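Me: Could you walk me through this one? I'd like to hear how the pieces meet.

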Amino acid sequence: MTGSIAEIAGGLLLALGAFFFVVGAIGIYRFPDVYARMHAAGISDTVGVALLIAGMMLFSGFTLITAKLAIILGVILFTSPIATHALAQAALHAGVEPLLANGKLLAGPGVKPEPAKAGRAVARSRSAAAKRKRPVKKAARTARKASPKGRTKS
Amino acid sequence: MIFAAASLAVLAALVLAVIRALRGPTVFDRVLAGNAMGTGAIMLLALVGFLTGRPEFLDIGILYALLNIIGTLAVLKFFRHGDLSHPGGEEPEDE
């Protein structure tokens with residue numbers, strides 16, 4: 001191993017940074033909605049870039065190259081949230097609706113409230129009726145045991 | 001060696017962003033992919049600079065990092081107002 005400890009650590013940071021950069025790009029490729037893809041782009045813009053630049057800084061020591069890398073990191077870290085915010089605001093303004101976890105849209109003009117609340121009330125009343133029925137059944141069972149007809153079988 | 005591996009990984013990320021730019025159903029997917037491609041290009045520039053032993057291209061990287069954000073905001077303004085010379089502003093004038 002010809003590298004010093006700084007080069008080994010730099011290589012490790014470069015590998016991690018490249019991994020997170022690719023993970024963010026896979027997210028951009030695979031996520032189902034434009035707003036979800038912005039989250040994935042944020043991964044590669046912050047963690048991926050920061051780790052890659054930190055690894056390169058460890059390789060170049062304390063020179064002008066490190067200062068230029070620090071400037072690139074500062075610019076990307078400051079401008080990436082600006083771009084994401086402007087993009088999300090523009091998409092929302094243009095009418096792109098976000099895709100939620102249960103597939104339903106947010107409440108807004110033209111969206112009816114969820115019918116699941118009515119279903120829950122019906123289920124509650126059904127379970128209350130079931131609870132009311134059970135003590136009646138128990139009384140009938142004990143009445144049947146007490147009768148002489150049930151005793152003859154044993 | 002690690003620089004070559006990291007450059008290949010960043011290149012794969014760039015290819016995925018290009019696919020999203022080609023496929024994305026809305027224009028905002030394409031703008032997002034363009035922004036990610038710009039960041040990937042800066043990283044590729046820095047990594048290949050270290051790989052070939054000439055890290056002087058980092059100046060171009062600084063320049064492109066600034067141009068990337070300006071380009072993204074310009075495209076978004078164009079798609080919102082239809083005109084790059086629009087004065088902008090959200091609030092309607094009271095007078």
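Reply: Happy to. One term to start: a residue is buried under 20% relative accessible area, exposed over 50% and partly exposed in between (1.4 Å probe, protein chains only). This is a predicted model, where local features need pLDDT of at least 70, side-chain atom pairs count only at pLDDT 80 or more, and totals for chains, interfaces and linings use all residues. Residues are numbered from 1 along each chain as its sequence is written, chains are lettered from A and ligands numbered from 1 in the order written, and side-chain values use heavy atoms, without hydrogens and water.

Me: Thanks! Is B:Asp29 buried or exposed?

Reply: B:Asp29 counts as buried because its relative accessible area is 1%. Its place is in helix H2 of chain B; helices (H or I, at least four residues) and strands (E, at least two) are DSSP runs, numbered from the N terminus.

Me: And what is B:Asp29 in contact with?

Reply: Leaving out neighbours within four places in sequence, B:Asp29 is in contact (heavy atoms within 4.5 Å) with A:Val34, A:Arg37, B:Arg20 and B:Gly24.

Me: Which of those does it form a salt bridge with?

Reply: That would be A:Arg37, and the closest N and O atoms of the pair are 2.3 Å apart. The rule asks for a side-chain nitrogen of Lys or Arg within 4 Å of a carboxyl oxygen of Asp or Glu. A:Arg37 sits in helix H2 of chain A and B:Asp29 in helix H2 of chain B, so this pair joins two chains. A:Arg37 is buried, just as B:Asp29 is.

Me: Nice. How many salt bridges does a search of the whole structure find?

Reply: Two, over all chains. Across the interface of chain B and chain A, the rule also finds two.

Me: So which residue does B:Asp59 pair with?

Reply: B:Asp59 forms a salt bridge with A:Lys68, with the closest N and O atoms 3.0 Å apart. This pair joins two chains too, because B:Asp59 belongs to helix H3 of chain B and A:Lys68 to helix H3 of chain A.

Me: Are its two ends buried or exposed?

Reply: They fall into two classes. B:Asp59 has a relative accessible area of 39%, so it is partly exposed. A:Lys68, with 16%, is buried.

Me: Let's zoom out to the interface. How many residues of each chain are in contact there?

Reply: On the chain B side there are 37, and they meet 41 residues of chain A. The area buried between the two chains is about 3,500 Å²; that is the accessible area (1.4 Å probe) the two parts lose on being put together, summed over both. Carbon and sulfur atoms give 83% of it.

Me: Which residues of chain B lose the most area?

Reply: B:Phe28, B:Leu32 and B:Met43, and together they account for 18% of what the chain B side buries.

Me: And which elements of chain B touch chain A?

Reply: Those giving two or more residues are helix H1 (2-23), helix H2 (27-51) and helix H3 (58-81) of chain B. H2(B) has the largest share of that side, with 13 residues.

Me: New topic: what about nonpolar cores?

Reply: The largest one has 31 residues. By the rule used, a core is a set of buried Ala, Val, Leu, Ile, Met, Phe, Trp, Tyr and Cys residues joined through side-chain atoms within 4.5 Å. A:Leu52, A:Ile53, A:Met56, B:Met43 and B:Leu47 have the most contacts inside the largest core.

Me: Which helices give two or more residues to it?

Reply: In chain A they are helix H1 (5-30), helix H2 (34-60) and helix H3 (64-94), joined by H1, H2 and H3 of chain B. H1(B) gives the most, seven residues.

Me: What does B:Leu47 touch?

Reply: Not counting residues up to four places away in sequence, B:Leu47 touches A:Leu14, A:Leu52 and A:Met56 in chain A, plus B:Phe3, B:Ala6, B:Ser7 and B:Val10 in chain B. There is also a second, separate core of 16 residues, including A:Ala86, A:Ala91, A:Val96 and B:Ala36.

Me: Last bit: how many helices and strands are in chain A?

Reply: Five helices and zero strands, so to speak α-α-α-α-α from the N terminus on. Of the 154 residues in chain A, 29% are buried. Among its contacts between residues at least 6 apart in sequence, 61% join residues at least 24 apart.

Me: And where is A:Ala9?

Reply: A:Ala9 is in helix H1 of chain A. With a relative accessible area of 31%, A:Ala9 is partly exposed. Its C-alpha atom is separated by 21 Å from that of A:Val23, 14 residues apart along the chain.
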